[in-house]
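Work through the exercises below with the sequence and the structure in view. Each task is followed by a solution in steps.

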Amino acid sequence: MGRSSKDKRDIYYRLAKEEGWRARSAFKLLQLDQEFNLFQGVRRAVDLCAAPGSWSQVLSRKLNFQEPILTRGGGCPIYLIGTSQSGCNLTNGFCGSEPTNIFVLFIRQVQKLDEYVTIYVHKYTHTSGTQLIPAPSSTTEPNRGDDGKSSEVKIVAVDLQAMAPLPGVIQIQGDITKVSTAQEIIRHFEGQSADLVVCDGAPDVTGLHDIDEYIQAQLLLAAVINEPRSLILRVQMCCCFQIFRGKDITLLYSQLKIFFSEVTCAKPRSSRNSSIEAFVVCQGYSPPEGYIPNMSNPLLDYCYDVDFNQLEGPNRVIVPFLACGDLSAYDSDRTYPLQ
Ligand code: SAM
């Protein structure tokens, strides 16, 4: 049986279609948020490896921006029809052909992408009454910072592939392991640090688990640790990354523990049990004192042009060296006469 037919039976695949998410992965981030409250107080977020963009959709919807409603098929309906059975509301889009609720939308913008029409609404009325129903607070109220004041939300999404536009999401087409990409992200934040970094990055898998796991780990480390990207992380804030939870995953946990006070592995229900995929939620970014993030970090062993001996302080890894054996033992470099 082909993969697509299996996917179509998958409940999260179908829910994603119904609710207008670009990929079923959206539910993974939503479920991680239920557990870790990822979006609380977040004003600047980075979505690494973002295409086709369902995590960016989640960020866009959760952090301030007006709720987009996706409808299948052409045309731009003014009436939005949904069923209570399908859990229809303006937060999660609509589906179904049995109209039990009819909404009248006040449309701000209509955008047509592929088979979808995206409608951005100001407000809507329910036909059973004339009352205007405000959009959900999480999407209309600006996020508030620690100071209680609202401030501009900024979301930057990066991927190797191009992605259809999303409200309030700045897109960069680039490689997350490149310094130039990190610099571009920083430019968009205008010197301020990010509150949340999410990365659902997955390399093209080879099927050789050890290699796949290694490449995935390198992608993750490049995402978080490299200069200048680490400069965008505000101390104590949170990162959420996809990992391949293979037999050597402890090494990656140890590496992350150097930089974050709390590292938790999580498997949302929407992530298939048969998949090696899991997520790490890293909280409390607190790099070692004196640590200077840079592309030549020894954690990333693909930096061939780096002289690791030039690194200093916590940036350089020095392990104890111990000469063992009695001094009267044979010297292996000497030539001794035959007895
Ligand atoms: N979170 C996305 C969503 O919800 O729509 C799905 C991400 S998909 C599982 C993995 C993505 O990682 C792919 O789009 C791929 O292009 C991207 N990717 C892999 N390596 C990358 C790299 N070095 N730089 C940028 N993106 C990368």
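**Exercise 1. State how many helices and strands the protein chain has, and what share of its residues is buried.**

Solution. The model is a predicted one.
- Step 1. The chain's secondary structure consists of eight helices and twelve strands.
- Step 2. Of the 339 residues in the chain, 32% are buried.
- Step 3. Among contacts with a separation of 6 or more, 63% join residues 24 or more positions apart.

**Exercise 2. Find the buried residues of helix α2 and say how they are arranged around its axis.**

Solution.
- Step 1. Helix α2 spans residues 11–19, and its buried residues are Y12, A16 and E19.
- Step 2. Viewed down the axis of α2, these buried residues fall within an arc of 80°, so they line one face of the helix.
- Step 3. A general rule helps here: an α-helix has 3.6 residues a turn, so residues three or four places apart point the same way.
- Step 4. The packing partner of the buried residues of α2 is α3 (26–36).
- Step 5. Just after α2 comes G20, with a positive phi of about 85°.

**Exercise 3. Do the same for helix α6, and name exposed residues on its other side.**

Solution.
- Step 1. In α6, residues 179–189, the buried residues are T181, A182 and I185.
- Step 2. Down the axis of α6, the buried residues fall within an arc of 100°, so they line one face of this helix.
- Step 3. S180 and R187 are exposed on the other side of α6.
- Step 4. The strands that the buried residues of α6 pack against are β1 (44–48), β7 (154–159) and β8 (169–173).
- Step 5. E190, just after α6, has a positive phi of about 50°.

**Exercise 4. Locate G53 and W55, and decide for each whether it is buried or exposed.**

Solution.
- Step 1. The unreviewed UniProt entry has a "binding site" annotation that covers G53, W55, D159, D175 and D200.
- Step 2. G53 sits in the loop between β1 and α4 (54–62), whereas W55 is in helix α4.
- Step 3. A residue is buried if 20 or more other C-beta atoms lie within 10 Å of its own.
- Step 4. G53 counts as buried because it has 25 C-beta neighbours inside 10 Å.
- Step 5. W55 counts as buried because it has 29 C-beta neighbours inside 10 Å.
- Step 6. Beyond four places in sequence, G53 contacts R22, A157, M163, A164 and L166.
- Step 7. With the same exclusion of residues up to four places away, W55 touches S25, A26, L29, D47, A50, V198 and D200.

**Exercise 5. Describe the shell of residues around the ligand.**

Solution.
- Step 1. There are 23 residues around the ligand, and S25, C49, A51, S54 and D200 come nearest.
- Step 2. By class, the shell holds 13 nonpolar, six polar and four charged residues.
- Step 3. At least two shell residues come from each of α4 and β7.

**Exercise 6. Decide whether P167 is buried or partly exposed, and give its distance from R61.**

Solution.
- Step 1. P167 lies in the loop between β7 and β8.
- Step 2. P167 is partly exposed, because 19 other C-beta atoms are within 10 Å.
- Step 3. P167 and R61 are 106 residues apart in sequence, and their C-alpha atoms are 8.8 Å apart in space.

**Exercise 7. Identify the residues with the most contacts inside the largest nonpolar core.**

Solution.
- Step 1. The largest nonpolar core has 54 residues.
- Step 2. L48, C240 and F241 have the most contacts inside this core.
- Step 3. Not counting residues up to four places away in sequence, C240 touches L32, L38, V198, F279 and V281.

How values were computed. Residues are numbered from 1 along each chain as its sequence is written. This is a predicted model: local features need pLDDT of at least 70, side-chain atom pairs count only at pLDDT 80 or more; totals for chains, interfaces and linings use all residues. A residue is buried if 20 or more other C-beta atoms lie within 10 Å of its own, exposed if 12 or fewer, and partly exposed in between; C-beta atoms are placed from the backbone. Helices (H or I, at least four residues) and strands (E, at least two) are DSSP runs, numbered from the N terminus. The arc is that of the directions from the helix axis to the C-beta atoms. Two residues are in contact if their C-beta atoms, placed from the backbone, lie within 7 Å. UniProt positions are given in the numbering used here, feature names are shortened, and annotations may be inferred rather than shown by experiment. A nonpolar core is a set of buried Ala, Val, Leu, Ile, Met, Phe, Trp, Tyr and Cys residues joined through C-beta atoms within 7 Å. A residue is near a molecule or strand if its C-beta atom, placed from the backbone, lies within 6 Å of it. Ala, Val, Leu, Ile, Met, Phe, Trp, Tyr, Cys and Pro count as nonpolar, Asp, Glu, Lys and Arg as charged, and the others, Gly among them, as polar.
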